[in-house]
Amino acid sequence: MAAIEHVYAREILDSRGNPTVEVVLETDDGAQGLGLVPSGASTGEAEAWECRDGNKSRYNGKGVLDAVNAVNEIIAPAIIGMDATNQRALDQKMIEMDGTMNKGHLGANAILGVSLAALYAAAESADLPLYHYIGGTNAHILPVPNMNILNGGAHADSNVDIQEFMISPYGFNTFSEALRAGVEVYHTLKNVLKERHLNTGLGDEGGFAPDLQSNAEAIDLIIESIEKCGYKPGKQIGICLDAASSEFYNAKEKAYRFEGKLRDVDWMLNYYENLVHTYPIVSLEDPFAEEDWEAWQKITAVLGNEIQLVGDDLLVTNPQRLQKAIDLKAANSLLVKLNQIGTVSETLDAIELATRHSFTSMVSHRSGETPDTTIADLAVAKNTRQIKTGAPARGERIAKYNRLLEIEEELGTAAEYAGYSAFKRATKL
Ligand code: PGA
Ligand code: ZN
């Protein structure tokens, strides 16, 4: 038992310079945990509620003092004395106190800050690294890093519609070799862009954000960079895309504004099919909008046996929405973001449910991040075999990659790199 003795929240800044919540939690055996909350830009409608003050005279309304007060004045007094190692009871208590379906009373940013801080304090109290504390003795698989090296959509000021172009270096023996290959491709891509006088400024997740002729041109440039580095596209390094299509969906027209024109579901489906059969794409996230379940069913029927179809805005790490996707055969993979659901326990529930129904899980950062590295430990703890945490640039992204290097070294001979096993299409390319 590690009884919670002290809980304190403050307002800090995230990687975009927007306010977010930090929680410090101490237990009676001297352990201390820190919970830092990330924040999205292309958020799903059904995500748990992120409490922002809306006071225009501070941070243009984005302050989080109400969430900080919810921790300090409402949550803290109610959980003092509870056992930090009983994560589920603690999370349940906060869910009950909130009393809404979407954390709409206390705020998911308040609740997650406490949930994470308790998790870290409990791990320290148990004297275990986080991945072992969460995952037990079988936590040993290092994930394939899906590195977002070209940013578009809501994360960039360019004309590229698809939000994320990621490289997945699965054809390597260890995580550190795979990471090195990915970093080399990233640096080479910069030169490839420069040669063509394209912009090398960075988007929110550290990837380059040039204006391009088409979305496919982004993939061409990446393939060229992979080859220039001496690696084999498809054989060693695959491509993952996140269309984040809710951002370019026109609900009134029931169509997608893509490359300057309104496109219907069949046009988009045909476009994706062509893309998948032209390039070594192993994973496609949010190809259709979050409420376009029928389109999701169609693409899952057509491409679901070949590639991974990841639900982010569609599923929002919510076990109920995930169950619906399982029932409807919409998507075959879960994107895992702690702050979409708001507690550690519910995040673990979502991963369990996904695994039980043969859905893969991709653990993910947000576009607004902090130096927190929980997702690195979580990916190893649950042997999810994949993670996405941006380009190998900007400290808040690098922190997660560096944490994985640390875990790999700590595990020593027990460390196993997920490699090809992360994606069903990887060995077929
Ligand atoms: P977000 O983007 O953090 O801005 O929501 C990440 C994603 O869409 O996967
Ligand atoms: Zn996404």
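Donors here are N, O and S atoms within 2.8 Å of the metal, and since water is not among the atoms, sites may look incomplete. With that in mind, welcome to a predicted model with a zinc site to look at, bound by Asp242, Glu285 and Asp312. A helix pair, α12 and α13, is the other main topic, together with Thr373 from the loop that leads from β14 to α12.

**The zinc site**
- The zinc ion (ligand 2) has Asp242 (OD), Glu285 (OE) and Asp312 (OD) as its protein donors, at 2.0 to 2.2 Å.
- Along the chain, the spacing of these donors reads D-x42-E-x26-D.
- Asp242 belongs to strand β7 (residues 237-242) and Glu285 to strand β11 (residues 281-285), so this pair ties together parts that are 43 residues apart in sequence.
- Asp242 and Glu285 are both buried.

**Helices α12 and α13**
- Helix α12 (residues 374-381) packs against helix α13 (residues 395-411) at about 45°, and their axes are 8 Å apart.
- That angle makes α12 oblique to α13.
- The two helices cross in a right-handed sense.
- On the α12 side, the contact is made by Ile375, Ala376, Asp377 and Val380, while α13 brings in Lys400, Arg403, Leu404, Ile407 and Leu411.
- By type, the residues of this contact comprise 6 nonpolar, no polar and 3 charged.

**Thr373**
- Thr373 sits in the loop between β14 (360-364) and α12.
- With a relative accessible area of 17%, Thr373 counts as buried, because the cut-off for that class is under 20%.
- Setting aside neighbours within four places in sequence, Thr373 is in contact with Tyr120, Ala399, Lys400 and Arg403.
- Lys400 and Arg403 also appear in the contact of α13 with α12.

Definitions and conventions. Residues numbered from 1 in each chain as written. Chains lettered and ligands numbered in written order. Predicted model: local features only at pLDDT ≥ 70, side-chain atom pairs only at ≥ 80, totals over all residues. Heavy atoms only, no water. Axes fitted to C-alpha atoms, helices over the stretch in contact; angles between N-to-C directions. Helix = DSSP H or I, 4+ residues; strand = E, 2+ residues; numbered from the N terminus. Parallel < 35°, antiparallel > 145°, perpendicular 65-115°, else oblique. Left-handed = near helix turned anticlockwise from the far one by under 90°. Contact = heavy atoms within 4.5 Å. Nonpolar A, V, L, I, M, F, W, Y, C, P; charged D, E, K, R; others polar. Donors = N, O, S within 2.8 Å, 3.2 Å for Na, K, Ca; no water. Buried < 20%, exposed > 50% of the residue type's maximum accessible area, 1.4 Å probe, protein only.
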